[in-house]
Amino acid sequence: MTYGTATTFNEFRQRNRELLDELNRIHEAGHAVVAVRLGVEVFEVFSPFPSSTEYDLGGCARSSNVSDEDDLLIRFAGAGAEVIFRKVSWTMAFRSAAGGDWKASQEVIDELALLEPRKQVVKKAKARVIALLT
Ligand SMILES: [Zn+2]
C-alpha cells in the first residue's frame, strides 16, 4: 500500500487525520446502530483518541451474548456503513478499514455455512445490514 508522499501510515494519518477520523466514526457508528436495532446492548463507541500516535481504529464495545446471525450482522455493519456513506463496494470496504471485521467474521460464517451455502450466508448478511442501516 502507498500513502502518497508520506513514508509511513502514521505520517499519512497525521496529514489526513480529519478525513480518516470521520470515516472511522462512520464505520464504528455502523456497528453501533445495527447492534442497537437488533436489541444488543452497546457499552461504548469510540473513535481514535486525538492524542494517539499509533493508528487506532476505534471500536464499538457491545454485548457478546448474541446469536451467530446477529453477531455476523454487527460485524458486517462497519463495512455496511462505509458502503452507504463512502459509496464503495463491499469488497472495497472489506479491503480497507473493515478488513479486520472480515477476518473476524470467518468463524461465525463457517458456523452459519453448516446450514446453507457460505456465499448465501454472506449475501444475506450484507442485504440485512443495508436494510438495518437505511
Ligand atoms: Zn469494524
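**Exercise 1. At what angle do helix 3 and helix 5 pack, and how far apart are their axes?**

*Solution.* The model is a predicted one.

Step 1. The angle between helix 3 and helix 5 is about 155°, and their axes lie 10 Å apart.

Step 2. Angles over 145 degrees count as roughly antiparallel, so helix 3 is roughly antiparallel to helix 5.

Step 3. The handedness of the crossing of helix 3 and helix 5 is left-handed.

Step 4. On the helix 3 side, the residues that meet helix 5 are Asp 68, Glu 69, Asp 71, Leu 72, Arg 75, Phe 76, Gly 78 and Ala 79. Their counterparts in helix 5 are Asp 101, Ala 104, Ser 105, Val 108, Ile 109, Glu 111 and Leu 112.

**Exercise 2. Describe helix 5 by its span, its kink and its buried residues.**

*Solution.*

Step 1. Helix 5 covers residues 99-112, which is 14 residues. At 1.5 Å a residue the expected span is 20 Å, and the end C-alpha atoms are 20 Å apart, so the two values agree.

Step 2. Helix 5 nevertheless has a kink of about 40°, centred on Gln 106.

Step 3. Asp 101, Ser 105, Val 108 and Leu 112 are the buried residues of helix 5. An α-helix has 3.6 residues a turn, so residues three or four places apart point the same way.

Step 4. These buried residues pack against helix 3 (68-85) and helix 6 (118-133).

**Exercise 3. Determine how helix 2 is placed against its neighbours.**

*Solution.*

Step 1. Helix 2 runs over residues 17-37. Its 21 residues should span 30 Å at 1.5 Å a residue, and this agrees with end C-alpha atoms 30 Å apart.

Step 2. The buried residues of helix 2 are Asn 24, His 27, Glu 28, Gly 30, His 31, Ala 32, Val 33, Val 34 and Ala 35. They pack against strand 1 (42-46), strand 2 (59-62), helix 3 and helix 6.

Step 3. Helix 2 and helix 3 pack at about 130°, with axes 7 Å apart. The two helices are therefore oblique to each other, and their crossing is right-handed.

Step 4. Helix 2 contributes Ile 26, His 27, Glu 28, Ala 29, Gly 30, His 31, Val 33, Val 34 and Ala 35 to this contact. Helix 3 contributes Leu 73, Ile 74, Ala 77, Gly 78, Gly 80, Ala 81, Glu 82 and Phe 85.

Step 5. After helix 2 comes Gly 39, which has a positive phi, near 80°.

**Exercise 4. Is Gly 30 buried or exposed, and which residues does Gly 30 touch?**

*Solution.*

Step 1. Gly 30 belongs to helix 2.

Step 2. Gly 30 has 28 C-beta neighbours inside 10 Å, and the cut-off for burial is 20 or more, so Gly 30 counts as buried.

Step 3. Leaving aside residues up to four places away in sequence, Gly 30 touches Ala 77, Gly 78, Gly 80, Ala 81 and Leu 133.

Step 4. Gly 30 and Leu 133 are 103 residues apart along the chain, yet their C-alpha atoms are separated by 7.2 Å.

**Exercise 5. Place these elements in the whole chain.**

*Solution.*

Step 1. The protein chain has six helices and two strands, in the order α-α-β-β-α-α-α-α from the N terminus.

Step 2. Of the 134 residues in the chain, 27% are buried.

Step 3. Among contacts between residues at least 6 apart in sequence, 63% join residues at least 24 apart.

Note on methods:
Residues numbered from 1 in each chain as written. Predicted model: local features only at pLDDT ≥ 70, side-chain atom pairs only at ≥ 80, totals over all residues. Helix = DSSP H or I, 4+ residues; strand = E, 2+ residues; numbered from the N terminus. Expected span 1.5 Å × (residues − 1). Bend = angle between axes of the 7 residues up to and from the residue. Buried ≥ 20, exposed ≤ 12 C-beta atoms within 10 Å, placed from the backbone. Contact = placed C-beta atoms within 7 Å. Axes fitted to C-alpha atoms, helices over the stretch in contact; angles between N-to-C directions. Parallel < 35°, antiparallel > 145°, perpendicular 65-115°, else oblique. Left-handed = near helix turned anticlockwise from the far one by under 90°.
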